[in-house]
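Colleague: I have a model open and would like to go through it with you, one question at a time. Please show it first.

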Amino acid sequence: MYCYHTHTHFCDGSSHPEDYVKEALRLGFHSLGFSGHAPVPFENKFAIPESRIQEYCDTILLLKEKYKDHIQIFLGLEIDGIPGIMPSFHHFRETYRLDYTIGSVHLVQNPDNGRLWFIDGAYRETYDKGLERIMNGDIRRGVTLYYRQIQQMIYDEKPDIVGHLDKICMHNAGRYFSKEEEWYQHLVFETLEIIKQASCIVEINTRGIYKGRSKQLYPDAAWLPAIKEKEIPVTISPDAHQPGELSLLYEETLNLLQREGFRKIFIKGLECYQ
Ligand SMILES: [Zn+2]
Ligand SMILES: [Zn+2]
């Protein structure tokens, strides 16, 4: 077992990195990857502050050395793709000598007003208000901008892993649009094709389900046959924010992947399925 999507108290997680290592050892993990939210150049409550990013990296590197005979530890970051606002992934990779990056879109930029729509988090009202105020209530435009932003991030930044691909669906919960609509399906297929061309890994994120915010994985299990057909590698991510979340829904998701015909492979030392 493993986890490559882990948030500690350096960003919006609960605990010191070593607490996650101890829990991972208890669970018998072969690897543990830390993916703190990379610093963002605006006021926020979720990312590692710029002033602590070096300390974050140093802490993980110390643990990597300390536990090297027991578990493989990776230093990573979950980086927001926001063109014109975020520094390049290359900057983070080079400056902090990262083992891997997760590229995610949590904030969708409307180029008409430059404002950011927060599509993640615990509160549906934030999503609804943002849609109204930042996207003028135009869901199709908001969702299209979301996928365009992911596509641009993949072209420009080539993240190792694409984070929670269709998280825009979480607070939609079938209210504003249906995943069956043709325009929506087209956006996802188009994005999967770009992911394939860029040789990225797609994570299968279980957090929405175990937090009770959603009934679906990210991406939705309905996309697994298309992902399999395109031979895009996937990895299971609990998106853990506490040590106790490190293995949530791992077994169930692995069983699902096996039923869909995925087989284990390794990319850059990361356990994936293809
Ligand atoms: Zn995320
Ligand atoms: Zn995350």
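Colleague: In what sense do strand 8 and strand 9 pair?

Modeller: This is a predicted model, and the pairing is read from its atoms. Strand 8, residues 201-205, is joined to strand 9 over four bridges. E203 stands opposite T235 in strand 9. The sense of the pairing is parallel.

Colleague: Which residues of strand 9 point the other way from V234 and I236?

Modeller: In a regular strand the side chains alternate between the two faces of the sheet. In strand 9, V234 and I236 point one way, and these two are buried. The residues that point the other way, also buried, are T235 and S237.

Colleague: Which residues coordinate the zinc ion (ligand 2)?

Modeller: The donor atoms lie at 2.0 to 2.4 Å from the ion. In sequence the donor residues are spaced H-x1-H-x70-E-x160-D. The residues are H5, H7, E78 and D239.

Colleague: Is the site of the zinc ion (ligand 2) tetrahedral or irregular?

Modeller: Four donors count as tetrahedral if all angles lie between 85 and 135 degrees. The angles among the four donor atoms here are 77 to 166 degrees. The site is therefore irregular.

Colleague: How many residues apart in sequence are the parts that H5 and D239 tie together?

Modeller: H5 lies in the loop between strand 1 (2-3) and helix 1 (17-27). D239 lies in the loop between strand 9 (234-237) and helix 9 (250-259). Both residues are buried. The parts tied together by the pair are 234 residues apart.

Colleague: Which residue bridges the zinc ion (ligand 2) and the zinc ion (ligand 1)?

Modeller: The two ions lie 3.4 Å apart. The residue that bridges them is E78.Colleague: How far does helix 5 reach from its first C-alpha to its last?

Modeller: Helix 5 covers residues 139-157, which is 19 residues. At 1.5 Å a residue, 27 Å is expected, and the helix comes close to that. Its reach is 26 Å.

Colleague: Which residue just after helix 5 takes a positive phi?

Modeller: The helix has buried residues, among them I139, I150 and E157. Just after the helix, phi is about 45 degrees at one residue. That residue is K158.

Colleague: How many disulfides does a search of the whole structure find?

Modeller: A disulfide needs two cysteine sulfur atoms within 2.5 Å. For C11, the nearest cysteine sulfur is that of C57, 12 Å away. For C169, the closest is in C200 at 20 Å, too far for a bond. The number found in the whole structure is zero.

Colleague: Is C169 buried or exposed?

Modeller: Buried means under 20% relative accessible area. C169 has 6% relative accessibility, so C169 counts as buried.

Notes: Residues numbered from 1 in each chain as written. Chains lettered and ligands numbered in written order. Predicted model: local features only at pLDDT ≥ 70, side-chain atom pairs only at ≥ 80, totals over all residues. Heavy atoms only, no water. Donors = N, O, S within 2.8 Å, 3.2 Å for Na, K, Ca; no water. Tetrahedral: all angles 85-135°; square planar, octahedral: opposite > 155°, others 65-115°. Buried < 20%, exposed > 50% of the residue type's maximum accessible area, 1.4 Å probe, protein only. Expected span 1.5 Å × (residues − 1). Pairing = 2+ DSSP bridges.
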